[in-house]
Amino acid sequence: MWSDAPLVENNTPLWAQVANVLRKAIESGEFPVGASLPTEAEINKVFGVSRTTSRAAMRQLVSEGLVARQAGHGTTVLDRKIDTEAHQIRGFSEDMQARGLTASYEVMDSGFVTAPGEASQALGTPSADQPFYTKRLLKANGRIIGVSHSYLRPDIFAEVGPPSADLLGAGSLYDWLRANTGTEITGGVEFIEAGLATAETHAELDLAIGDPVLIARRTAHTSTRLPIEFAVITYRADRYRFRIEL
């Protein structure tokens, strides 16, 4: 139990020790997602610390994105977010595998379509061309993370047909491209912006209309900088975030 963990006399500040105790309790599941943490008064009583100490410990947990504080509602444990490194380009399967999570997909649509203007421009293809389009719900360990709209330039399918819905639902699109068309995605450009769940996306992502989301617009290319894919991916902001090493 969190209340059984002793504080020690060393160079570690008391607030940091209290924060560490509560952090471990969150990570162990003693305080699951949505649960309330002890009040500052309870923390003060258990550890014999001042209000300043308990408040500093809570501020640390807030800064780490582990909890949220709201007047009148106390401090509650947040759903942990999945980090992805923004300086690397990789498919969702590779992204989740790197974090020890299992990726899965729900294919909502696929086929050759008339491209929207931004897709044709990003791929550098004539507006009359019909790229191969896929819409997939992205999940990690069975939990909805986002929804992806992907457009692949049509000329890469000159010698091989596009993947079936079953294949799209079974694994990585980038792996399929590499194995079946010899197309290797090596880099790209991605723009990330904040947004709100719309009438279309809120139901798909199990959100309320107006809930915050992250929207990534990606153009992926080969080593010769030939654009292969244009994708718009909408992520649940409470479950996914981008990390940039500076």
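This passage describes helix α1, residue S120 and residue E193 in a predicted model.

Helix α1 covers residues 14-28. At 1.5 Å a residue, its 15 residues should span 21 Å. The end C-alpha atoms lie 21 Å apart, so the expected span and the model agree. Several residues of α1 are buried: Q17, V18, A19, V21, L22, R23, A25 and I26. Their cover includes two helices, α2 (40-47) and α3 (51-63). It also includes strands β1 (67-70) and β2 (74-77). G29 follows α1. The phi of G29 is positive, near 95 degrees.

S120 sits in helix α5, which runs over residues 117-123. Its relative accessibility is 8%. Buried means under 20%, so S120 counts as buried. Leaving aside residues up to four places away in sequence, S120 touches A115, T125, P126 and S127.

E193 belongs to strand β7, residues 187-196. Its relative accessibility is 41%. That value falls between the 20% limit for buried and the 50% limit for exposed, so E193 counts as partly exposed. With residues up to four places away in sequence again left out, E193 touches V213, L214, I215 and R217. One of these, R217, also makes a polar contact with E193. The contact joins the two side chains at 2.7 Å. L226 is 33 residues from E193 along the chain. The C-alpha atoms of E193 and L226 are separated by 25 Å.

Methods
Residues numbered from 1 in each chain as written. Predicted model: local features only at pLDDT ≥ 70, side-chain atom pairs only at ≥ 80, totals over all residues. Heavy atoms only, no water. Helix = DSSP H or I, 4+ residues; strand = E, 2+ residues; numbered from the N terminus. Buried < 20%, exposed > 50% of the residue type's maximum accessible area, 1.4 Å probe, protein only. Contact = heavy atoms within 4.5 Å. Polar contact = N/O pair within 3.5 Å; in protein donor to acceptor, adjacent residues only side chain to side chain. Expected span 1.5 Å × (residues − 1).
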